[in-house]
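Work through the exercises below with the sequence and the model at hand. Each task is followed by a solution in steps.

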Amino acid sequence: VSQSRYTTPIILTSNLPLITQNVTITSANRATSIIDGNALHSAFDMRGAALTLNLSNVTIQNTFAADWQKGSALWVVRGTANVSNVHFKNIAQGTAVTTKEGGSYINISASLFTNNNQGVFSNYGGTPSVTTATDTQYDNRITITGTIFSNNSTAIYGERTVLVDNSTFNSNGYAFRMQGINNVDLSLRGLLENLDNGMTWYKRD
């Protein structure tokens, strides 16, 4: 999809349709390429192990899903989403970006999460029967690099594998919350700048 064919902001009047084939969406300017859920509708919903979504240089804001565990801006159930230079903002209810089940992968780079209830959530499935230090054995996996989380109630809540590198966390209620038996790799900046607890960990048997 090319930005030149559309004017923005694109204000949704219904949920975007389910992604059923490989899709690439990019634009020349993130600041002027905006998808707005109007606080009523969700954006990208992908469910299929063989599918890939490439999303870059856009802003997604004000999206909504009644179920907080479903990412209202991006929900991946058995597929791969590659996200680059995307701004997720002003998502007041639920979560912006979520994986669910084994075979679900989201790779986020050089992006921005601001003023969201919850930025990222990894949920349900993909844990091997025997724990291991090898990240690729955990096939419900979110990888985040070079990304800024600012003024979110919770930046990241993980129940499955979340790998974070070279990313900045400023003025979030919680920077990082983790629950379950999965791999977590953190190379973070700015944790001490969060309002409340920088990090919490819940062990679940």
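**Exercise 1.** Does A110 count as buried, partly exposed or exposed, and why?

*Solution.* The model is a predicted one. The relative accessibility of A110 is 42%. Buried means under 20% and exposed means over 50%. A110 therefore counts as partly exposed. Its place is in the loop between β9 (95-109) and β10 (112-114).

**Exercise 2.** Find the sign of phi in A110 and in N85, and place N85 in the chain.

*Solution.* Begin with the general expectation: most residues other than glycine have a negative phi. A110 has a positive phi near 45°. N85, which is not a glycine either, has a positive phi of about 55°. N85 sits in the loop between β7 (71-84) and β8 (87-89). With a relative accessibility of 25%, N85 counts as partly exposed.

**Exercise 3.** Describe the surroundings of N116, which lies in the loop between β10 and β11 (118-123).

*Solution.* Start with accessibility: at 2%, N116 counts as buried. Next, look for polar atoms. A polar atom of the N116 side chain lies 3.2 Å from the backbone nitrogen of N90. Last, list the contacts, leaving aside neighbours within four places in sequence. These are F88, K89, N90, I91, N151, N152 and S153.

**Exercise 4.** Determine which strands pair with β15 (residues 161-170), in which sense, and how β15 is enclosed.

*Solution.* Take β12 (residues 140-145) to begin with: β12 and β15 pair in the parallel sense over five bridges. R141 has T161 of β15 as its bridge partner. Then take β13 (residues 148-150), which runs parallel to β15 and is joined to it by three bridges. Here S150 stands opposite N170 of β15. Finally, consider burial: seven of the 10 residues of β15 are buried, so the strand is largely enclosed by the rest of the structure.

**Exercise 5.** How many residues are in the largest nonpolar core, and which have the most contacts inside it?

*Solution.* The largest nonpolar core has 37 residues, and F44 and I156 have the most contacts inside it. The elements that give two or more residues to this core are β4 (44-47), β5 (52-56), β7, β9, β12, β14 (154-158), β15 and β16 (174-179). The most comes from β7, with five residues. Now turn to I156 and leave aside its neighbours within four places in sequence. Its contacts are then V120, I144, F149, V162, V164, F169, A175, F176 and R177. As a general point, nonpolar side chains tend to be buried together in soluble globular proteins.

Terms used. Residues are numbered from 1 along each chain as its sequence is written. This is a predicted model: local features need pLDDT of at least 70, side-chain atom pairs count only at pLDDT 80 or more; totals for chains, interfaces and linings use all residues. Side-chain values use heavy atoms; hydrogens and water are left out. Buried means under 20% relative accessible area, exposed over 50%, partly exposed in between (1.4 Å probe, protein chains only). Helices (H or I, at least four residues) and strands (E, at least two) are DSSP runs, numbered from the N terminus. Two strands pair if DSSP finds at least two bridges between them. A polar contact is a pair of N or O atoms within 3.5 Å; within protein, one must be able to donate a hydrogen and the other to accept it, and residues adjacent in sequence count only if both atoms are side-chain atoms. Contact means heavy atoms within 4.5 Å. A nonpolar core is a set of buried Ala, Val, Leu, Ile, Met, Phe, Trp, Tyr and Cys residues joined through side-chain atoms within 4.5 Å.
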